[in-house]
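Biologist: Please take a close look at a single part of this chain, and then relate that part to the rest of the fold.

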Amino acid sequence: MDLTATTADLAGAAAEVARLLPTRVLDPVLAGLRLKAGTDVEVAGSDQEHGVRLSVYATVHTEGEVLVPAKLLAATLQALDEPQVRLKVEGQRLAIRTPTSRFALPLLDLAHHPGVPVLPELQGHIDAAKLRIIAAVAGAASKDDALPIFTGIRIQSDAHKLHFMATDRYRMAYATIPWEQQGQLDLLVPAKAIVEAARQATDEVALHANQDRIGLAWGNNSISTALLAAPFPDDRARRLLEAVIDSTVLVDADALARAVRRATPYGGPHQAVTIQVEDSEVRVKGSDPQQGESEEFVKATVEGDRLTKTFQARYLADALKAFAGRRIELKIQDGLRSTVLTSPPGEDGVELTYLVVPMRSVA
């Protein structure tokens with residue numbers, strides 16, 4: 001194998017593949033990155049759970065296929081300053097050459113690599129820009145791998161919409177995007193992998209799925225991952241969004257987010273921030289006997305009761321971040337019932353709703 005490619009493009013693809021591969025494995029082959037030079041160069045990898053194929057334009061001098069350590073290749077390419085780089089097999093090494101440098105990576109045993117999983121059957125197509133709403137939904141998924149069922153995003157379909165839902169038991173996010181159904185979907189997908197795929201995807205994205213895997217494909221690129229266990233949360237969780245509202249607050253999400261951020265250092269050990277609904281504004285407060293107190297007013301349109309709710313600051317901040325640049329409605333319920341954040345659907349038909357569970361008062 002012998003090829004020349006743009007350093008930045010090749011480094012970016014290698015880094016994306018390396019990010020989805022494990023760093024500690026008993027068999028180093030599973031942490032290997034496969035380079036396949038043909039018309040262009042395919043950068044691929046799989047640890048049997050995830051599968052990645054990314055295509056990079058290259059001038060191929062000699063076709064071929066090799067397997068090399070993913071992290072080492074990515075780190076070497078990212079450290080180069082030269083605009084072009086040449087990759088050439090030299091004996092049992094893959095040489096990385098620029099006009100002033102040479103690096104040599106050991107070749108791994110390609111014959112023992114499990115291969116990149118084949119994409120399951122096609123279910124439909126999605127606009128890549130709309131699919132990126134899944135990152136906002138993923139913000140409500142748990143980061144604790146000890147409870148894997150809460151680290152996923154549930155994806156369901158009906159005739160005209162895809163539904164995304166995630167929860168870590170303290171907050172929940174729910175979004176829909178337009179969809180022309182070809183297959184019936186009800187999947188629990190690892191949040192980290194699907195967000196990574198949605199972030200990279202461009203133009204029109206093909207969604208592939210079966211009972212075991214989900215994959216996104218665009219152009220000559222694809223990312224797939226194994227599904228989690230039985231779908232969760234169930235439809236009872238979605239009914240939490242059908243709240244009985246005691247107070248509705250229309251407010252700029254960015255202005256409220258800034259106030260929450262400034263109040264957080266005064267939130268004490270629990271990082272508690274209080275939202276107090278007034279006549280034409282909301283009062284954002286932080287208070288702790290050791291750290292002092294803060295108070296800030298944000299203009300708002302208020303209907304209903306004047307309520308006071310206390311939230312863990314990071315949960316509220318994550319929810320507000322998902323609505324950046326928009327005006328939102330806070331649908332507040334009395335007592336310890338959840339507060340629902342919504343925004344009118346955009347022209348693209350994408351809808352997002354966030355639910356945050358309040359804390360007991362910790363004044």
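Modeller: A residue is called buried when its relative accessible area is under 20%, exposed when that area is over 50%, and partly exposed in between, with a 1.4 Å probe and protein chains only. The part I would choose is Glu16, which counts as buried because its relative accessible area is 14%. The model is a predicted one, in which local features need pLDDT of at least 70 and side-chain atom pairs count only at pLDDT 80 or more, while totals for chains, interfaces and linings use all residues. Residues are numbered from 1 along each chain as its sequence is written, and side-chain values use heavy atoms, with hydrogens and water left out.

Glu16 belongs to helix H1, which covers residues 7-19; helices (H or I, at least four residues) and strands (E, at least two) are DSSP runs numbered from the N terminus. If residues up to four places away in sequence are set aside, Glu16 is in contact (heavy atoms within 4.5 Å) with Leu54, Glu196, Arg199 and Gln200.

As for the chain around Glu16, 51% of its 363 residues are buried, and it contains eight helices and 26 strands. Along the principal axes, its C-alpha atoms fill a box of roughly 75 × 50 × 40 Å. When contacts between residues at least 6 apart in sequence are considered, 65% of them join residues at least 24 apart.

The open and enclosed spaces are found on a 1 Å grid over the protein atoms alone: a cavity is a set of points where a 1.4 Å probe fits but cannot get out, a pocket is an open set with protein on both sides within 12 Å along at least five of seven lines, and lining residues have an atom within 4 Å of a point. There is one cavity of 30 Å³ or more, and the largest cavity holds about 30 Å³ of space. Its lining consists of Ala193, Ile194, Ala197, Ile214, Gly215, Ile223, Ser224 and Thr225, and the elements giving two or more residues to that lining are helix H5 (191-200), strand E16 (213-218) and strand E17 (221-226).

The largest pocket contains about 520 Å³ of space, where a volume is the space filled by probe spheres set on grid points that are joined across faces, edges and corners. It is lined by 17 residues, of which Asp145, Thr151, Pro190, Lys192 and Ala193 are the closest to its centre. Helix H5 gives the largest share of this lining, four residues.
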